[in-house]
Amino acid sequence: MLSTIQAGNLNALDFINVTDELKEIAKKIITAERVTPAEGIVLFEQGELGFLGKLADFVRKQKNGDYAYFIRNFHIEPTNICVNKCKFCSYSHHFSKTQWELTVDEILDKVTAKENNVSELHITGAVHPDRDIYYYGNLLLKIKKLRPGLHIKAYSAVELDYMIHKSGLSMKDGLQYLKSCGLDSIPGGGAEIFDEKIRKEICGMKSTSNTWLAIHETAHQLGIPSNATMLYGHKESYVQRIDHLERLRRLQDLTHGFSAFIPLKFRNSNNEMSHIAEVSVVEDMKMYAIARIYLDNFPHLKAYWPAVGRKLAQVSLSFGVDDLDGTINDSTRIYSLAGAEDQSPVMTVSEMIALITESKRVPAERDSLYNKLG
Ligand code: V47
Ligand code: SF4
């Protein structure tokens, strides 16, 4: 009986107006029992936002206490010239009105210009036809020489697939080579949606879902941690969202190499899918909450504020999120080109702290491996 279960500040009163099926799922969640794929779909189809929020908040608190993390970071996007043509992309040279290809010296100048207290550099961009693994390896070596203490989170699995394939190296040797040059971790991009049918429709030229998963698995085996993302709110169904989460949860059971999951809301400006309306805020918060509940083996759930806007990111702290990414410092264009609210995303540390404190969470500056700093 649910009424006998009390955990944290959750109790039976929170579940008065829900069906027996949802009550049973809630009972599993508060006793740390894993939710099945079928139950995940029920949560999406029947779970009302307040109910899901309470459960996700409970799970968040169990995992991360009241901390809400952030990092001092910046991005470098070396190029937007791309061999692929994803329909949701507003960023590549196919759809954007601008085109760029930074030289190594231009990239190094950007690194040199950053303040000394920045902890992480995130490098990702388009899949350039002519750049090979040795170009990217040398870039890592040069950045590390300039700033040995900077954590480099670089190259999505899609970029890695292309550069490793082009070099003729095996996946393991390619990743090992990049690690030896200074690759510290891998960002979560390129996952999009694993369902093969929808993936083919929206980004058919991209690496397959199995390749994305195999690259992350191999990286984890080599001691390279990574993140995972999911592009949601376009053509995918709830069944396909749960399938995506399920494939990630299974891989995480094997490797424990993922640090954070980042749901990425589809933004519809300036791309070939602009006719698809963006989903509501209710749908966004349900996505965060169910991701937090379902991915019981992922330590962190991140709201990437340049994608959803700082107000929504703040609200997400009550729906399972414990990490708001970082200060960014106006260094990324992926979301400004796709129509996000912040056209020049910059958040100062004091703005980040104020935003977190207002949500009654404890701000914690972190490094890339979620160690608290200061
Ligand atoms: O894979 C591209 C997404 C991703 C759109 O690991 C879009 O810490 C919505 O993965 N609407 C790249 N999304 C960004 C990414 C990321 C960002 C921040 C932190 C981390 C991390 C990873 O951006 C792509 C794609 O899924 N994307 N266009 C769009 N129109
Ligand atoms: Fe290229 Fe990435 Fe855009 Fe796809 S999402 S077209 S791989 S830049």
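This passage describes a three-stranded sheet, one residue within it and the surroundings of ligand 2 in a predicted model. Local features need pLDDT of at least 70 and side-chain atom pairs count only at pLDDT 80 or more, while totals for chains, interfaces and linings use all residues. Residues are numbered from 1 along each chain as its sequence is written, chains are lettered from A and ligands numbered from 1 in the order in which they are written, and side-chain values use heavy atoms, with hydrogens and water left out.

Strands β5, β6 and β7 form an open, parallel sheet in the order β5-β6-β7 (strands are DSSP runs of E with at least two residues, and helices runs of H or I with at least four, numbered from the N terminus; two strands pair if DSSP finds at least two bridges between them). Because β5 (226-232) and β7 (300-301) are edge strands with a single partner each, one side of each lacks a neighbour in the sheet. Strand β6 (residues 258-265) is joined to β7 by two bridges, and F261 has L301 as its bridge partner in β7.

Strand β7 also contains H300, which counts as buried at 7% relative accessibility (buried means under 20% relative accessible area, with a 1.4 Å probe and protein chains only). Leaving aside residues up to four places away in sequence, H300 touches N64, Y69, S259, A260, F261, R292, D322 and Y370 (contact means heavy atoms within 4.5 Å).

Ligand 2 is surrounded by C82, N84, C86, F88, C89, Y91, S92, A126 and K206 (each with a heavy atom within 4 Å of the ligand).

How values were computed: Buried < 20%, exposed > 50% of the residue type's maximum accessible area, 1.4 Å probe, protein only.
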